[in-house]
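Q: Hey, got a minute to go through a structure with me? I'd like to get my bearings.
A: Sure, let's put it up.

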Amino acid sequence: MGFDTVRAYPVIILALAIGPIFGGGMGVLLGLLIATSVPYYARVMRSSVIAQSSAEYVEALRAMGMGRARIVLRHILPNAIGPILIIASMDIPAYITAEAGISFLGVGVKAPATSWGLMLDQGFRYVGHTPWLVIAGGLPLILATLGFTFLGEALRDAFDPKLRRRG
Amino acid sequence: MFGYILRRIALGCAVLLLAISTLYVIVQAAPGDPASAMLGPKATPAIKAAFAEKLGLDQPMPVQIARYVGSVLSGDLGTDLRSRRPVTEVLAAHAPYTVELILAALVIAAGLGIPLGCAAAVRRNSFFDRAIGLLSVSLISVPPVIIAIYGMLLFSAALGWLPAIGAGEGLAERLHHLILPAVAVGIGWVGYIARLVRASMIEVLSANYIRNARAFGLAEGRIVYRYALRTAVAPTVTVLGVGVGYMLGSAVFAEIVFARPGIGKLMYDAVILRNYPVTLGAVLAATTLLVAATTLADILNALIDPRFKESRE
């Protein structure tokens, strides 16, 4: 349960708490997204490797006297990495969303660099005068997140019908 | 059952304590000294030294953590640098707005998601089922900040149906002001819940006891809504408990866009004004809400479906 809490901890709130201390910017944004994702990916990889380790081909390799490291790196890893690739592709929209949100709050990407989230933030400041800046800033975000979501779903259906969307 | 509930609450408290300590360590480990981070760039070295001594920053880390946790537990979160009021008082004034927003979002997510999921499971592979599937995927992927902004532009600015700003006074006004933000926070979860309920409903409907109920000649509607739904809804309760965390994140945007005086808006304003005690307090409040929600979800689940309790132990 403790793990679920860490996983569920809203990255947005973490960004607001930590971003200003480190000054925001691309590096902090990346650090946050990576730090909050690593445990989840580690858990998926763990169960995937465990599943592969009990496969017959691993037993055969062991019987042939192959070293542990070689079995893991050459044979288990390529077979176990599939779910991670699918999850990663399904996570792309989540990262785009997180970037947009964090930059909108002013603790992510900062000018003179730019991003869609920053466009939203800047557009929202003028929303009283004209709505078109935020509308224009939001459309590519919607299209990109939708597009990558459908891509992720299609990849999952093609390669691993059993892997459900995480809950 | 009682023992399980007690253990679950104890675990929740432990997680919370760990979260408070972690937060403290992260803040202290940040580059630059915490005194200047908290006091802002204009503080002189003398003020900084006094501040560090006052907060006990010269003590070893475990002592600092223990002192911080102790002061949090005794309800002392420091003073709002701007209004000079205790942070706990400021939090108490803002928290109800966030809690009611999250509750309303949960009602929307479950109230629409569960029936839609059931209907999709019963009419599996029909056009309706596919449409619900497509809708769920689309709703999940659109960033909540965009839903909030576009919702405000459409329903407040262009159509003028719903208020754009504030939280309103009196029950009717408050509810009226709650609609748009709650939809912005909850709508993404409608599709997610619908998908989840659909999947677990399909599984439950193929169980032996349902086949038994059919063999006894019970009406299909009664089977689905009286017997199957109770089991099928259990995973949804867990997901909604975890979902409160994500909703807290979306609530930050909804509160900023609709200028609601909740915890998220408080946190955002505090970050901009470098009002660090308030930021930390708001983060703690959000964390507490999150841990309380996951704990409550697990307890509810154990009450709905006793098998769940055993599987988690």
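Q: How many helices and strands does chain A have?
A: Chain A has 8 helices and 0 strands. Keep in mind that this is a predicted model.

Q: And what pattern do you get reading along the sequence of chain A?
A: Chain A goes α-α-α-α-α-α-α-α.

Q: OK, what share of chain A is buried?
A: Buried residues come to 44% of the 167 residues in chain A. As for its surface, chain A exposes about 8800 Å², and carbon and sulfur atoms supply 68% of that.

Q: Which residues have the most contacts inside the largest nonpolar core?
A: Those are Phe104(A), Leu105(A), Ile149(B) and Met247(B), in a core of 107 residues. That core takes at least three residues from each of domain 1 (2–73) and domain 2 (94–312) of chain B.

Q: What does Phe104(A) touch, leaving out residues up to four places away in sequence?
A: Its contacts in chain A include Leu120(A) and Phe124(A). From chain B, Phe104(A) touches residues including Ile149(B), Phe253(B) and Tyr268(B).

Q: What about the other core, how many residues does that have?
A: That one has 11 residues and lies apart from the largest core. Among them are Tyr40(A), Met45(A), Val58(A) and Ile84(A).

Q: Switching topic: how many disulfides are there over all chains?
A: There are 0 disulfides.

Q: Is Cys118(B) buried or exposed?
A: Cys118(B) is buried, because its relative accessible area is 1%, under the 20% cut-off.

Q: And why does Cys13(B) count as partly exposed?
A: Because Cys13(B) has 44% relative accessibility, and partly exposed covers what lies between 20% and 50%.

Technical notes. Residues numbered from 1 in each chain as written. Chains lettered and ligands numbered in written order. Predicted model: local features only at pLDDT ≥ 70, side-chain atom pairs only at ≥ 80, totals over all residues. Heavy atoms only, no water. Helix = DSSP H or I, 4+ residues; strand = E, 2+ residues; numbered from the N terminus. Buried < 20%, exposed > 50% of the residue type's maximum accessible area, 1.4 Å probe, protein only. Areas by Shrake-Rupley, 256 points an atom, 1.4 Å probe, with all protein chains shown as cover. Disulfide = S-S within 2.5 Å. Core = buried A, V, L, I, M, F, W, Y, C linked by side-chain atoms within 4.5 Å. Domains from an automatic or database assignment. Contact = heavy atoms within 4.5 Å.
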